[in-house]
Amino acid sequence: MKTFYWRVDAFQPDDRIMDRAGFIIRQGGLVAFPTETVYGLGADALNAAAVERIFTAKGRPADNPLIVHVRSIEQVYSLVAALPDRALKLARAFWPGPLTMVLPRSREVPDAVTAGLDTVAVRMPAHRVALALINAAGTPIAAPSANASGRPSPTTAEHVRQDLDGRIEAVIDAGPAPVGVESTVLDLTTAVPVILRPGGVTRRRLMELIGNVAVHPEKTEGPPRSPGMKYRHYAPGAPVILVEGASAALVRNKMRELAAGFAGRGMKVVILASSESAGYFRDYRCVTYGRHAEPATVAAGLYDALRRCDELAPDVIVAEGVEPGGMGTAVADRLRRAASEIIKVTR
Ligand code: TXA
Ligand code: MG
């Protein structure tokens, strides 16, 4: 199949292009589109056959459910069995924005979307192009991140092309996704809501509005609450050794020691680090992900940096950790998922 690429303005997308894209969705086709977090791969959420094509195009396991994207709170009512007060409150406060809510599903939602769960994940993206697409399609849009399964999420149309060219009908390109990491996924079906995936809306901001919010532990007994959590995500081809520690100096020293050890054994080492630390790794290939002093730049740059590491075809990647807290929590989470080993240095 030949994939169409359409470039649009992020704030004033061309109506004719959006109409064509909406038509493809209505016909059961797949369109990749920008959101504020990452690029999504969209299909008509109410068309089971269209949704199944998403799983084929990505090579995604069928037991990993999709987020349904809406353009209004009204559109949520047909998708859920109930919209609790606290969900409505959250939607009013954070939508459009990077918050996904897991709610009891209605019968309208095909099993392919929810992977057979009795819940559905919904969010309203804060991106003009995404909202225009849902509008043009006239239906809610099911969309995972538009990467091949196991690859880092795409933050540009070029990333989507790398993974899905020839497998989907169209890609709408509106430049880089501004946030850069995926939405916060919040399970609202339990007495105390649980963050299943940290993201752009922080725990503190959620708690300010609805009181106590729990965090899903990284490793648990029994089946994972969010099926996506059991897969190793976002990972480059080479092993990633992630170094975390109490101070930047300790982390850099440990990274240098590890890198020297690998290089000494003839391995090709790539360093993944903050802009602040890059100068300490002049004797290695070094990819930077953003400035530690501004976690938002790390969020925006991380997935592109992981892809650039991959392109250098290293034997091993030695990565500098990020301090959790605020946006740092989401970034630290994604780095840990990309890691094959985490080393903590205390002295
Ligand atoms: O920012 C985002 O959320 C992006 C953009 C495109 O909106 N989408 C995204 O989708 O990251 P995806 O499919 O890559 O990640 C969705 C996550 C997965 O971990 C999945 O398991 C979880 O949400 N999820 C979806 N439906 C769920 C449900 N009913 N219950 C629990 N977890 C669910
Ligand atoms: Mg994904």
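With which residue does Asp333 form a salt bridge? In this predicted model, the partner of Asp333 is Arg337, and the closest N and O atoms of the pair are 3.1 Å apart. Both residues belong to helix α11 (residues 327-338), where a spacing of four residues places them about one turn of the helix apart. Asp333 is buried, as is Arg337.

This pair belongs to a wider set of charged contacts, as the count for the model comes to 19 salt bridges. Among them is the contact between Glu169 and Arg53, whose closest N and O atoms lie 3.2 Å apart. Glu169 is located in the loop between α6 (157-164) and β8 (170-173), whereas Arg53 is part of helix α2 (residues 48-58), so this salt bridge ties together parts of the chain separated by 116 residues in sequence. Arg53 has a relative accessibility of 28% and therefore counts as partly exposed, the class between buried, under 20%, and exposed, over 50%.

A further salt bridge joins the side chains of Lys344 and Glu244, with an N to O distance of 2.8 Å. Here too, distant parts of the chain are linked: Lys344 lies in strand β16 (residues 341-345) and Glu244 in strand β12 (residues 240-245), 100 residues apart. The two partners contrast in their accessibility. Lys344 is exposed, because its relative accessible area is 59%, whereas Glu244, with a relative accessible area of 9%, is buried.

Salt bridges also connect residues in a network, which links Arg151, Asp163, Arg307 and Asp310.

Technical notes: Residues numbered from 1 in each chain as written. Chains lettered and ligands numbered in written order. Predicted model: local features only at pLDDT ≥ 70, side-chain atom pairs only at ≥ 80, totals over all residues. Heavy atoms only, no water. Salt bridge = Lys/Arg side-chain N within 4 Å of Asp/Glu carboxyl O. Helix = DSSP H or I, 4+ residues; strand = E, 2+ residues; numbered from the N terminus. Buried < 20%, exposed > 50% of the residue type's maximum accessible area, 1.4 Å probe, protein only.
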